[in-house]
Amino acid sequence: MSKSHKDSPLLQVKDLHVYFDTIEGTAKVLNGVFLTIKKSEAVSLVGETGCGKSVTAKTIIGLLPVPPARIVKGEVLFEGKNLLKMNEDELWKIRGRKISMIFQNPMTALNPIFTVGAQLKDVVKWAGKRKVGLREYFRGGTEEKEIEEKILKMLEQVRLPSDVIDKYPSQLSGGMRQRVLIAMALINNPELVIADEPGTALDVTIQDQILNLLKERIQSMKISVLYITHNLGVARELSQRIYVMYAGNVIETAPTKKLFKSPSHPYTIGLLEAVPKLTGEMEKGIPGRVPDYKNPPTGCRFHPRCNFAMPICKKKFPEPVEIETEHWICCHLFK
């Protein structure tokens, strides 16, 4: 699918297969994921809960728990270098500096025993360093004032008062904690931010404020971003291109306007038809559920739920086809 992008990509995920070894058997979660993000581009990866979105994100940034997970096949190229071939020291130099992540639950992402200021200071001071000695950690320096100024400037940019520095996460509202996570992700001016369902734990009005703030900051800093979301409305609002994932496969990708105007894969069409309408019309939904990864369907993994399934769909996964400029689809209906 990446062949259509003429610009040099910042990130390329190529034919990524990730399995999880469990007591009950091997779960074949990612089944050949392809994904490309260009510089200063906002991309969304959408799909049902359990389709492999977060596993893809954690594989990219190197936070996949190994074991039980194991990367069976594929590449994750960042600025042309394969992140999957790097050792921990090399990954630490990239993680938090060039690539950062915004997690969906701020209460588990923030340390409850340290103030917001202390945590932001650590992000600035120790980014890229895997190990820090106690002497080095507690030693002050001439850069302390500069770090504090940088933190205060970032808090202002995410619309948080300066006194947040001295507060603990438990003293903040959910929206304020999410803003702290955004500040942590952006404070070192990364080139790529992965936002995993940001704001999902918040009520709708606060979530909207958080997403608008995130979009505004990323656009002003010209950062590339990968949004992980199950919400097509969020994807439509925030991204320039959308990748639709089903059961460990990207099955359709297109520029956002094009995807909403002419969705082509039966699963994408089903997702859009399942979105609640303002008219009160009953949404159709998609029958069935995401398959068991320990015993996934052969061929196209969507065929048990597809109204257009053909015999070949059970035998062979369809190769991606470009049906119009930058609009790719994996479906035997388009062969």
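A cavity, on a 1 Å grid over the protein atoms alone, is a set of points where a 1.4 Å probe fits but cannot get out; its lining residues have an atom within 4 Å of a point. Grid points are joined across faces, edges and corners, and a volume is the space filled by probe spheres set on the points. The structure here is a predicted model, where local features need pLDDT of at least 70, side-chain atom pairs count only at pLDDT 80 or more, and totals for chains, interfaces and linings use all residues. Residues are numbered from 1 along each chain as its sequence is written, and side-chain values use heavy atoms, with hydrogens and water left out.

How confident is the predictor? On pLDDT, its confidence in each residue from 0 to 100, the chain has a mean of 86, and 90% of its residues reach 70 or more. Over residues 2–6, though, the pLDDT is below 50, and this stretch has eleven contacts in the model beyond near neighbours in sequence (a contact means heavy atoms within 4.5 Å).

Now for the holes. Three cavities of 30 Å³ or more turn up in the structure. The largest holds about 80 Å³ of space. Its lining is made of 14 residues, with C300, C306, C313, C331 and H332 nearest the centre. Sorted by class, that lining has eleven nonpolar, three polar and no charged residues. Here Ala, Val, Leu, Ile, Met, Phe, Trp, Tyr, Cys and Pro count as nonpolar, Asp, Glu, Lys and Arg as charged, and the others, Gly among them, as polar.

The second largest cavity has about 40 Å³ of space. Lining this one are I60, I61, L83, L91, I94, R95 and I99, which split into six nonpolar, no polar and one charged. Helix 1 (53–61) and helix 2 (88–94) each chip in at least two of the lining residues; helices are DSSP runs (H or I, at least four residues), numbered from the N terminus.

What about the packing? A nonpolar core is a set of buried Ala, Val, Leu, Ile, Met, Phe, Trp, Tyr and Cys residues joined through side-chain atoms within 4.5 Å, where buried means under 20% relative accessible area (1.4 Å probe, protein chains only). The largest such core has 56 residues, and L11, I194 and L226 touch the most other members. A second, separate core of 35 residues includes I102, L120, L160 and A185. Leaving out residues up to four places away in sequence, I194 touches A57, I60, I61, I99, S100, M101, I102, L226 and I228.

Technical notes. pLDDT = per-residue confidence, 0-100. 1 Å grid on protein atoms, 1.4 Å probe; cavity = no way out; pocket = protein on both sides within 12 Å on 5 of 7 lines; lining within 4 Å. Buried < 20%, exposed > 50% of the residue type's maximum accessible area, 1.4 Å probe, protein only.
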